[in-house]
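Biologist: Could you walk me through a few of the terms used for this model? I would like to hear the reasoning behind each one.

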Amino acid sequence: MTINKTWGFSPLAALGSKEQQSRNLAFALDARTKLFLALAANGMIFTAPLVYSLLMVAVASILLLLEGKWKFVCTFFFVYLSAGFFFGQVKNLDIGTSGTIILASLFLMYRIMPACAVLYYVITTTKVNEFLACMSRMHILNKVTIPLIVMIRFFPTVYDEARAIGNAMRMRGIRLFSLRTIKNPVAFLEYRLVPLLVSITKIGDELSIAAVTRGLSTETKRTCVADIGFRWVDFVVWAYCIAVIVMFLYRS
Amino acid sequence: MNISLKNISFSYTDSLDDAILKNLNLEIRSGECVVLAGESGCGKTTISKLINGLIPHYHSGTMDGDVLLGDKNTADMTLAEISRVVGSVFQNPRSQFFNIDTDCELAFGCENLGMDPEEIKQRVENVVQEFHLEHLLGRSIFNLSGGEKQKIACASVSATGPEIFVLDEPSANLDLKTIEDLKEIVSRWKKAGKTVVIVEHRLYYLRDVVDRICYVKDGQIAYEWTLAELEAKGPAYASSLGLRCMNLEMLNAACHSVNRHPRSETEGIHYFSCSQLRRDHQPRDVIASKAKQSIIFSNLTFSYHHKHPILDIDCLELPCGQITALIGHNGAGKSTLAQVLCGLQGSWRQKRAARKCGTYLIMQDVNHQLFTESVLDEVLLGMKPQDEKLALEILEGLNLKQYADNHPMALSGGQKQRVAIGSGISSGCDVVVFDEPTSGLDYRQMLAVSATLKKLAASGKTLLVITHDPEFILNSCQSVIRMEHGKIVEQYPLSGNENQLIKMMTGKL
């Protein structure tokens with residue numbers, strides 16, 4: 001099943017690369033499946049042994065590879081495995097306070113990163129209008145979904161603004177790694193945040209004006225040009241997730 | 001659909017600027033194209049917000065009187081209902097998209113109105129053909145140029161098929177060629193019998209479509225003209241009201257008298273040529289030759305891919321102490337050149353060279369480059385060593401001394417721009433690059449910016465100004481560089497070549 005026209009793509013995809021990636025739509029999941037996957041993965045991180053979250057990582061990385069994001073998958077596994085390796089090396093040594101901080105952060109990375117991989121997959125591949133349509137299929141009120149979608153829309157804008165401000169700061173010789181920043185890190189944060197806050201409040205206002213003048217409202221029922229619905233890939237992912245959960249419950 | 005505004009009085013509750021409407025009456029007939037003109041802050045944008053329902057539904061304030069669309073009062077309609085009859089296009093192309101890609105954006109309005117998906121696809125296909133957008137489909141909003149964004153905005157509003165179009169300074173960020181496209185869009189709407197209301201300073205591109213020009217002053221319609229009536233009064237009258245020129249071909253004659261004394265304002269010299277701030281070392285890549293006649297930058301290249309260089313310039317020569325205009329269509333690589341010159345893009349070698357030679361960029365959105373709590377701090381920040389007396393001198397040169405303790409964000413747009421210039425001067429730069437300093441300004445504000453720039457040049461700084469504004473170039477620049485596809489195509493002094501410049505910019509060469 002191939003759809004030759006992509007009706008939209010995810011906001012965060014804009015962060016990744018300048019070039020638009022060609023997507024293999026045969027393996028595009030329904031937004032509801034993605035939500036279930038994310039929930040299952042997050043549940044596993046906090047309750048189950050590491051093996052289960054690794055099982056979730058496996059499915060997320062296969063899906064990411066199918067989307068053509070091999071760069072992310074490679075970086076992820078490199079960082080994750082090296083964090084795991086160092087953690088295994090140092091965890092039995094007695095290394096004092098600073099060592100403990102490093103150890104704790106390594107442990108955190110080791111445990112949280114699987115969830116991050118799954119979330120990265122979900123966020124970068126979900127399209128705005130598909131998400132809205134799936135939410136309304138699940139009978140979730142517009143009052144909940146519209147703020148959510150505004151939030152998602154906001155990320156790339158903040159990123160864009162922050163980059164412009166970073167440029168302006170570099171021109172003035174204010175850098176992260178400089179004597180001035182080390183002397184006064186609070187001032188650095190302030191220089192960075194004040195213009196960002198001013199410009200994103202303004203842009204947020206203009207964005208919501210753009211949305212309401214185009215008729216986005218809580219009363220009218222939206223339609224969606226994208227085809228949404230479950231396909232065989234969705235069933236495979238659902239079955240896999242449920243199998244993992246059942247296995248975990250049975251074992252414990 | 002008729003629009004009638006009856007005895008409207010309005011003031012914003014939470015705003016300090018007094019953009020107040022006082023007992024305003026305006027009738028716009030069905031199928032008419034009306035331009036609302038006037039100086040900044042006169043209330044013309046407020047009128048456009050009354051028509052598209054943002055007042056009273058989005059902005060709060062005290063309002064008297066009625067706005068009728070057809071026979072319905074906007075106060076009794078919801079914003080969603082109003083959006084079925086009124087389509088709005090705004091000034092800032094960056095923030096008027098709710099979706100992230102072009103296809104979704106075109107369908108967005110229709111989806112919100114709950115149309116049938118098949119019909120939406122049909123409508124989107126129609127507007128794509130009508131507006132020639134085939135090459136823009138399936139692209140990320142973040143990779144489009146300002147002009148392309150504005151076209152998508154117009155098309156997606158058009159897809160829902162409203163009866164009334166309200167445009168708020170749509171040409172502010174566009175180059176002349178794209179403005180030409182915008183004009184075609186407006187005339188297409190007019191031919192289809194739609195009512196079009198445009199808030200605008202630039203009148204020339206609407207010459208063939210506009211039925212009536214309403215001049216707003218102090219919250220009231222002060223004058224109403226047809227274009228012929230306004231033209232009969234002459235360009236001097238129009239510019240005295242803050243209007244931009246109405247006919248680009250006549251621009252040369254109009255500006256001739258003002259232009260020919262570029263170095264007459266010399267009173268600012270000693271404020272800016274602060275000898276303490278001069279860089280004593282000369283970088284290898286930048287050689288000041290011919291006894292400081294011109295500054296030469298070499299090896300300006302940049303590319304994302306080896307095969308498609310975005311910027312490919314061996315040598316850029318800027319005459320010292322002069323204002324040079326950098327023109328070229330959207331996407332010609334002008335902004336990239338500015339960023340490479342200022343060390344914000346490019347290889348580490350280019351960045352190091354840029355850092356040494358002291359170039360400073362005044363961005364189009366100056367809000368990005370004001371960080372501190374007071375204007376004085378802003379100027380002191382980049383200064384090494386910090387010298388308050390010198391900073392105050394710089395501020396005085398920019399007419400900002402009385403604002404030294406104010407918060408930069410509390411100033412007006414023009415003042416913010418001058419603060420940014422001040423911070424550039426204090427960081428000891430010799431070359432200042434401006435990215436579209438006059439976009440969206442009325443005639444008076446444009447002259448003020450022009451005066452600041454002339455003063456800066458007279459003090460010995462070298463200025464490069466990226467601009468799409470022929471009026472501004474004729475007013476203040478001494479030479480012109482034109483870029484195309486990342487290369488410098490031509491460079492010539494302005495005097496004697498004015499007609500060539502105008503023809504080039506309007507695309508009639």
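Modeller: Happy to, and bear in mind that this is a predicted model. In chain B, strand β16 (residues 431-435), helix α17 (residues 443-458) and strand β17 form a β-α-β unit that is right-handed.

Biologist: What makes that unit right-handed?

Modeller: With the strands pointing away from you, a clockwise path from the first strand over the helix to the second is what earns the term. The unit of β16(B), α17(B) and β17(B) is right-handed, so its path runs clockwise in that view.

Biologist: How do you know that β16(B) and β17(B) pair?

Modeller: At least two bridges are needed, and these two strands share 5, in the parallel sense. One of the facing pairs is Asp435(B) with Ile466(B) of β17(B). Strand β14 (residues 323-327) of chain B also runs parallel to β17(B), joined by 4 bridges, and there Ile323(B) partners Leu463(B).

Biologist: Why is β17(B) called largely enclosed?

Modeller: Because 5 of the 5 residues in this strand, 462-466, are buried. Thr462(B), Leu464(B) and Ile466(B) point one way, Leu463(B) and Val465(B) the other, and all are buried. Such alternation between the two faces of the sheet is what side chains do in a regular strand.

Biologist: Over in chain A, why are helices α2 and α5 called roughly antiparallel?

Modeller: Their axes, for residues 31-47 and 96-125, cross at roughly 175 degrees and come within 9 Å. The term applies over 145 degrees, so α2(A) and α5(A) qualify as roughly antiparallel. Their contact residues comprise 10 nonpolar, 1 polar and 2 charged.

Key. Residues are numbered from 1 along each chain as its sequence is written. Chains are lettered from A and ligands numbered from 1 in the order in which they are written. This is a predicted model: local features need pLDDT of at least 70, side-chain atom pairs count only at pLDDT 80 or more; totals for chains, interfaces and linings use all residues. A residue is buried if 20 or more other C-beta atoms lie within 10 Å of its own, exposed if 12 or fewer, and partly exposed in between; C-beta atoms are placed from the backbone. Axes are lines fitted to C-alpha atoms, for helices over the stretch in contact, and angles run from 0 to 180 degrees between N-to-C directions. Angles under 35 degrees count as roughly parallel, over 145 as roughly antiparallel, 65 to 115 as roughly perpendicular and the rest as oblique. Ala, Val, Leu, Ile, Met, Phe, Trp, Tyr, Cys and Pro count as nonpolar, Asp, Glu, Lys and Arg as charged, and the others, Gly among them, as polar.
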